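Here's a quick tour of a protein fold, written for someone who likes to think in contacts and areas. Have the structure open alongside and follow along.

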Amino acid sequence: MKRAFKINSFVNNWRNVGIRGFSALAGKGKGLQISGVKDIIAVASGKGGVGKSTTAVNLAVALANRCQLAVGLLDADVYGPSIPTMMKIHGKPEATEDLKMIPKENYGVKCMSMGLLVEKDAPIVWRGPMVMSALEKMAKGVDWGELDILVVDMPPGTGDAQLTISQRLQLSGAIIVSTPQDIALLDARRGAHMFSKVNVPIIGIIENMSCFMCPHCSQPSFIFGEGGARRTGSELSLEFLGDIPIEMDIRTCCDDGVPIVISSPDSTSARRYTDVAQKVIKRLEEISEKQFSPEISL
């Protein structure tokens, strides 16, 4: 039985988290698996502005609609939640009898975001412990049901929030998103090293905004440089998952709340997102086999 979710008391509980709570959240460990969820993957970037959320949305939708998987999308960017706009979902979530939030669903993807829990233009002025607690409750305080993959849209950077998710959730792997620009790639390297330090496998790297495709002549212009993410992936021994060009349709579709994988499924960009989704599935299988393969000593 569903009932209205009491958001005020829920948010107030987060505000009661103190230093002891923060210490517990930041503690080391293998992390906990969310009931019913087979794989949890983080979509991350070392810095903001590289199209991480756009990538996470289109990847999740491609996994659900093109790969026919049961998919969830967790917007872990507490300070700048954009998933409600990109996925065209709104309204506060209802709750089950055991007080778990029921995620909003659109395009075959179950979604949860801080943007659903606060007023649209309300600033989220919270200190670290409150953010840590909020992230944990949004992940494990949600009735996700049975999912093949939960895609986590990570906040940019390599700070407390990223470490909390990496340590408190049993991540199957992480995807690094970067533009080909050298400055962005420096931060992408930091993100990759962070996941390595907390023993989270890297699924691969995606080069976003790889080039601008002229709508008139269809010729590419490499505004941020050419092939930077591919080279960085090679240097770090990371799988290169694909490149996504700059296209006006990608931006307008996200603003309208209809991902390009849905609005223009036969477009070049939609096909590339689908290719990335298929590579992600393959990489998850490879990582799983590697983790469970027996070691033979002679």
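What follows goes from the whole chain to a central strand, then to the core and one residue in a short helix.

Keep in mind that this is a predicted model. The protein has 11 helices and 11 strands. Of its 298 residues, 51% are buried. Looking at contacts with a separation of 6 or more, 78% come from residues 24 or more positions apart. As for the outside, about 14500 Å² is exposed, and carbon and sulfur atoms supply 51% of that area.

Now for strand β3, residues 71-75. Is β3 mostly enclosed or open? Five of its five residues are buried, so the strand is largely enclosed by the rest of the structure. Val 71, Leu 73 and Asp 75 point one way, Gly 72 and Leu 74 point the other way, and all are buried. That fits a simple rule: side chains in a regular strand alternate between the two faces of the sheet.

Which strands does β3 pair with? Here are its two listed partners.

| Partner of β3 | Residues | Sense | Bridges | A matched pair |
|---|---|---|---|---|
| β6 | 109-113 | parallel | five | Val 71 and Val 109 |
| β7 | 147-153 | parallel | five | Leu 74 and Val 152 |

On to the packing. The largest nonpolar core holds 85 residues, and those with the most contacts inside it are Leu 73, Met 87, Val 151 and Phe 195. Helix α3, residues 52-65, gives the most to this core, with eight residues. Leu 73 also belongs to the buried set of β3, on the side shared with Val 71 and Asp 75.

What does Val 151 touch, once its neighbours within four places in sequence are set aside? Its contacts include Val 71, Gly 72, Leu 73 and Leu 74. Also on the list are Ile 41, Val 43, Ala 56, Ala 60 and Leu 63.

For a change of scene, take Ser 263, which is found in helix α10, residues 260-263. Is Ser 263 buried or partly exposed? Its relative accessible area is 34%, and buried would mean under 20% while exposed would mean over 50%, so Ser 263 counts as partly exposed. Leaving aside neighbours within four places in sequence, Ser 263 is in contact with Cys 253 and Val 258. Its C-alpha atom is separated by 9.2 Å from that of Asp 249, a residue 14 residues apart from Ser 263 along the chain.

Key
Residues are numbered from 1 along each chain as its sequence is written. This is a predicted model: local features need pLDDT of at least 70, side-chain atom pairs count only at pLDDT 80 or more; totals for chains, interfaces and linings use all residues. Side-chain values use heavy atoms; hydrogens and water are left out. A nonpolar core is a set of buried Ala, Val, Leu, Ile, Met, Phe, Trp, Tyr and Cys residues joined through side-chain atoms within 4.5 Å. Buried means under 20% relative accessible area, exposed over 50%, partly exposed in between (1.4 Å probe, protein chains only). Helices (H or I, at least four residues) and strands (E, at least two) are DSSP runs, numbered from the N terminus. Contact means heavy atoms within 4.5 Å. Accessible areas come from the Shrake-Rupley method with a 1.4 Å probe; for residues, only the protein chains shown count as cover. Two strands pair if DSSP finds at least two bridges between them.
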